[in-house]
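Please read the following report with the structure at hand. It goes through a few features in turn, starting from a single residue and ending with a pocket.

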Amino acid sequence: MRIDHVAIAVSSLDDALETFRTVWGLEPDRVERIESDGVTEAMLPLGDSHLQLLEPTGAESTVAKFIERRGEGLHHIAIGVDDIDAALARLREGGARLVDEAPRPGGGGHRVAFVHPKTTSGVLIELVERHG
Ligand code: CO
């Protein structure tokens, strides 16, 4: 397992991208609107992993509600795994509360599933099995 990405919820992707470009010299290698998650995500390469910036697509997005409640900031940490089905089975067996009972398609065509923060000390965790 490894850190695949760390996700930050932002209210304006344009503003956040401009800041990461000018202050940090980081350019996204992928920007994608994920209708099913109600977000537009930008992936900023950082060594072997990425920073992910998440902008809500509308007021109904869970990320919009997150920002409304807590402001911009750390949204989730994504752990990369080789076999997401096996990882989910192990977590379920260990008593983890899962947001997604089965993997589903995420950004970049990868398979993803979320684990509820209740059983991860208050931090939302995403599992990612990379495609290609
Ligand atoms: Co993510």
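Does Ser 121 count as buried or exposed? The model is a predicted one, and in it Ser 121 counts as exposed because its relative accessibility is 75%, where the cut-off for that class is over 50%. Ser 121 belongs to the loop that lies between strand 7 and strand 8, and although Ser 121 is not a glycine, its phi is positive, at about 55 degrees. Most residues other than glycine have a negative phi.

**The strands**

Strand 5 pairs with strand 1 and also with strand 8. The table sets out these two pairings, with an example of facing residues for each.

| Strands | Sense | Bridges | Example of partners |
|---|---|---|---|
| Strand 1 and strand 5 | antiparallel | seven bridges | Ile 8 and Leu 74 |
| Strand 5 and strand 8 | parallel | four bridges | Ile 79 and Leu 127 |

**The cobalt ion**

Which residues provide the protein donors of the cobalt ion? They are His 5 through NE2, Gln 52 through OE1, His 76 through NE2 and Glu 126 through OE, and these donors lie 2.1 to 2.5 Å from the ion. Along the chain, the donors follow the spacing H-x46-Q-x23-H-x49-E. Within this set, Gln 52 in strand 4 and His 76 in strand 5 form a pair that links distant parts of the chain, 24 residues apart, and both Gln 52 and His 76 are buried.

Why is the arrangement around the cobalt ion irregular? The four donor atoms subtend angles of 85 to 170 degrees, and the arrangement is irregular because of these angles, given that a tetrahedral site would need all angles to lie between 85 and 135 degrees, while a square planar one would need opposite donors over 155 degrees apart and all others between 65 and 115.

**The largest pocket**

The largest pocket has a volume of about 660 Å³ and is lined by 35 residues, with Thr 62, His 75, His 76, Phe 114 and Leu 124 lying nearest its centre. His 76, one of the residues nearest the centre of this pocket, is thus also named among the donors of the cobalt ion. Helix 2 gives the most to the lining, with six residues, while several strands, including strand 1, strand 4, strand 5 and strand 8, each supply at least two. Sorted by class, the lining holds 14 nonpolar residues, ten polar residues and eleven charged residues.

Definitions and conventions: Residues numbered from 1 in each chain as written. Predicted model: local features only at pLDDT ≥ 70, side-chain atom pairs only at ≥ 80, totals over all residues. Heavy atoms only, no water. 1 Å grid on protein atoms, 1.4 Å probe; cavity = no way out; pocket = protein on both sides within 12 Å on 5 of 7 lines; lining within 4 Å. Points joined across faces, edges and corners; volume = space filled by probe spheres on them. Nonpolar A, V, L, I, M, F, W, Y, C, P; charged D, E, K, R; others polar. Pairing = 2+ DSSP bridges. Buried < 20%, exposed > 50% of the residue type's maximum accessible area, 1.4 Å probe, protein only. Donors = N, O, S within 2.8 Å, 3.2 Å for Na, K, Ca; no water. Tetrahedral: all angles 85-135°; square planar, octahedral: opposite > 155°, others 65-115°.
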